[in-house]
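User: Please take a close look at one part of this model, the nonpolar core and its surroundings, and describe what is packed there.

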Amino acid sequence: MRVAIVGAGAVGRSIAGELLGNGHTVMLIEKDGRKVRTRSVPGAEWVQADACEVSSLEEAQLATCDVVVAATGDDKANLVVSLLAKTEFAVNRVVARVKDPRNEWLYTEAWGVDVAVSTPRVLAALVEEAVTVGDVVRLMSFRKGAANLVEITLAEDTPWVGKPLREVPLPRETVLTAILRGERVITPSPDEPLEAGDELLFVTHAEVEDQLKDVLAPDTGAGPV
């Protein structure tokens with residue numbers, strides 16, 4: 001993919017390094033000349049420009065990018081960049097950093113944002129994920145929160161331990177995307193038996209998260225009889 005990252009601070013440079021390491025083409029756009037440090041991210045294309053200006057984005061050929069990441073430390077700038085990327089340059093995927101969690105409600109499709117990432121929310125989710133068994137932990141939201149990536153760690157006394165996936169009555173609009181078992185990442189199949197301690201990753205509609213929890217919880221009686 002060709003990825004444009006707006007904001008070459010510590011966050012932007014870290015993202016750029018990861019993407020370059022995975023074989024993607026990266027363009028860093030930074031307004032502040034003091035932050036344009038080409039040696040800090042070898043292999044990236046650097047553009048010194050104000051990404052809130054349409055003319056600057058035209059010169060950077062933003063329309064050729066598959067993904068735009070708005071990663072500055074200014075929520076206002078990230079929202080403007082997201083809106084321009086989506087409406088003026090038809091970028092397929094826009095990911096935006098939320099600096100102040102109080103502004104997270106603004107990061108919606110109306111502002112061109114496909115995925116909003118709030119560091120405090122992500123860290124809180126990771127803490128919950130590390131210590132919580134049997135509860136739904138929301139890791140990330142998509143499309144204004146309508147769809148969420150959630151995790152459930154299967155408790156030992158859930159009725160589904162030892163049962164194949166095809167027997168689990170998942171709610172509507174819910175897809176099991178992966179099973180984390182120890183150091184293994186397992187692609188779900190209908191015949192895969194579940195084990196206690198499995199970390200199940202789902203993409204699901206926000207309205208059915210409680211139903212998903214009820215299905216997999218150890219004390220609901222939702223299991224096989």
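Analyst: A residue counts as buried when its relative accessible area is under 20%. In this predicted model, Ser 82, which lies in helix H3, has a relative accessible area of 0% and is therefore buried. Leaving out residues up to four places away in sequence, Ser 82 touches Ala 70, Val 94 and Ala 96, together with Trp 111, Gly 112 and Val 113.

The largest nonpolar core has 24 residues, and those touching the most other members are Met 27, Ile 29, Leu 57, Leu 62, Val 68 and Val 91. At least two residues of this core come from each of strand S1 (2–6), strand S2 (25–30), strand S4 (67–70), helix H3 (75–87) and strand S5 (93–98), and H3 supplies the largest share, four residues. In soluble globular proteins, nonpolar side chains tend to be buried together.

Ile 29 gives a view of the packing from one member of the core: apart from its neighbours within four places in sequence, Ile 29 is in contact with Ile 5, Val 6, Gly 7 and Ala 8, with Val 47, Ala 49 and Ala 51, and also with Leu 57, Ala 60 and Leu 62. A second, separate core comprises 15 residues, among them Trp 160, Ile 186, Phe 202 and Leu 212.

Technical notes. Residues are numbered from 1 along each chain as its sequence is written. This is a predicted model: local features need pLDDT of at least 70, side-chain atom pairs count only at pLDDT 80 or more; totals for chains, interfaces and linings use all residues. Side-chain values use heavy atoms; hydrogens and water are left out. A nonpolar core is a set of buried Ala, Val, Leu, Ile, Met, Phe, Trp, Tyr and Cys residues joined through side-chain atoms within 4.5 Å. Buried means under 20% relative accessible area, exposed over 50%, partly exposed in between (1.4 Å probe, protein chains only). Contact means heavy atoms within 4.5 Å.
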